[in-house]
Amino acid sequence: MAALDDNGAVDMDTWLAATFEKLGLEGEVYAGYVEGIMADESEPLEDRAASVMEILEGAAEGEVDPGLASELVERWNQKTQAVDEEAAASAAAKEAAAAEQRKKDLELAAQEEEARQARAMRNNDLSREERQRREQLMSTYGAIGGDVVDEDGNPIEQKKGGGGAAESADHDLAKVGRPNR
């Protein structure tokens with residue numbers, strides 16, 4: 001049974017085998033020659049087909065149909081077009097897969113960034129809670145009022161000035177511990 005291409009036509013290899021059989025030639029031997037000559041793109045396609053015709057006319061047991069050259073060109077064009085379409089489809093599939101992978105990578109990066117921001121926010125919230133606890137403890141035990149801490153909740157040491165009551169009390173406490181001379 002002959003192999004058919006997507007258009008329902010006999011494919012190049014099957015057509016070549018049938019043509020060689022009609023000419024009384026061994027297909028396995030001449031198929032490689034024909035494929036090699038037709039694949040050599042250093043020559044125009046019609047010149048390649050003419051070279052194949054010369055080989056076939058020299059080797060054939062009978063007359064070679066002159067229309068064989070044009071049919072060879074047509075079949076070769078169909079074959080190369082099919083190969084090009086397959087390559088384009090494969091490239092498109094690879095590009096689609098690469099685009100899908102890039103999309104997944106971007107989504108993963110976005111998720112990682114969201115997770116990082118959530119961790120940073122959670123850490124920031126913990127810091128606020130710690131500050132609130134510290135302020136509550138400080139105000140409960142009366143050590144420092146809420147207005148004498150910096151933005152991180154750390155106590156700010158205040159300078160005592162002008163000989164006020166607090167300075168006088170500190171000075172008096174210092175004297176208590178010393179013997180009088």
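**Reading a helical model, one feature at a time**

Author: Let's start with one residue: Ala17 is partly exposed, its relative accessible area being 41%. Keep in mind that this is a predicted model.

Reader: How do I read that 41% for Ala17?

Author: Go by the cut-offs: under 20% is buried, over 50% is exposed, and partly exposed lies in between. With 41%, Ala17 therefore lands in that middle class. Ala17 sits in helix H1. Its C-alpha is 5.3 Å from that of Gly27, although the two residues are ten apart in sequence.

Reader: And the protein as a whole, what percentage of its 181 residues count as buried?

Author: Buried residues make up 17% of the 181. The exposed surface comes to about 13800 Å², and carbon and sulfur atoms account for 50% of that area.

Reader: How many helices and strands does the protein have?

Author: Five helices and zero strands. Walk along the sequence and you get α-α-α-α-α. For a feel of how the chain is put together, take contacts between residues at least 6 apart in sequence: 38% of them join residues at least 24 apart.

Reader: Now pockets. How do you find empty space in a model?

Author: You roll a probe the size of a water molecule over the atoms, and that shows where empty space is left. In this structure, take the second largest pocket, which holds about 180 Å³ of space.

Reader: Which helices each supply at least two residues of the lining of that second largest pocket?

Author: Helix H1 (12-23) and helix H4 (68-141). H1 gives the largest share, five residues. The lining includes Trp15, Ala18 and Thr19, along with Glu63, Leu68 and Glu71.

Reader: How many residues of that lining are nonpolar, polar or charged?

Author: Five are nonpolar, one is polar and four are charged.

Reader: Next, salt bridges. How many does the structure hold?

Author: Five. To call one, look for a side-chain nitrogen of Lys or Arg within 4 Å of a carboxyl oxygen of Asp or Glu. Take Lys79 and Glu35: their closest N and O atoms are 2.9 Å apart, so the pair forms a salt bridge. That bridge links distant parts of the chain, with Lys79 in helix H4 and Glu35 in helix H2 (residues 27-39), 44 residues apart. Lys79 is partly exposed, at a relative accessible area of 24%.

Reader: Which residues are linked with Lys79 in a network of salt bridges?

Author: Asp13 and Glu35; together with Lys79 they make up the network.

Reader: What about Arg75 and Glu71, how far apart are they in helix H4?

Author: Arg75 and Glu71 are four residues apart in helix H4, which means that about one helical turn separates them. Their side chains meet in a salt bridge at 3.4 Å, N to O. Remember Glu71 from the pocket: it is one of the lining residues there.

Reader: Arg75 at 16% relative accessibility, buried or exposed?

Author: Buried: Arg75 has 16% relative accessibility, and the cut-off is under 20%. Its partner Glu71, at 31%, counts as partly exposed.

Reader: Which residue does Glu95 meet in a salt bridge?

Author: Glu95 meets Arg102, side chain to side chain, at 3.0 Å from N to O. Try the accessibility reading once more here: Glu95 is partly exposed at 45% relative accessibility, and Arg102 is partly exposed, with a value of 45%.

Key:
Residues are numbered from 1 along each chain as its sequence is written. This is a predicted model: local features need pLDDT of at least 70, side-chain atom pairs count only at pLDDT 80 or more; totals for chains, interfaces and linings use all residues. Side-chain values use heavy atoms; hydrogens and water are left out. Buried means under 20% relative accessible area, exposed over 50%, partly exposed in between (1.4 Å probe, protein chains only). Contact means heavy atoms within 4.5 Å. Accessible areas come from the Shrake-Rupley method with a 1.4 Å probe; for residues, only the protein chains shown count as cover. On a 1 Å grid over the protein atoms alone, a cavity is a set of points where a 1.4 Å probe fits but cannot get out, and a pocket is an open set with protein on both sides within 12 Å along at least five of seven lines; lining residues have an atom within 4 Å of a point. Grid points are joined across faces, edges and corners, and a volume is the space filled by probe spheres set on the points. Ala, Val, Leu, Ile, Met, Phe, Trp, Tyr, Cys and Pro count as nonpolar, Asp, Glu, Lys and Arg as charged, and the others, Gly among them, as polar.
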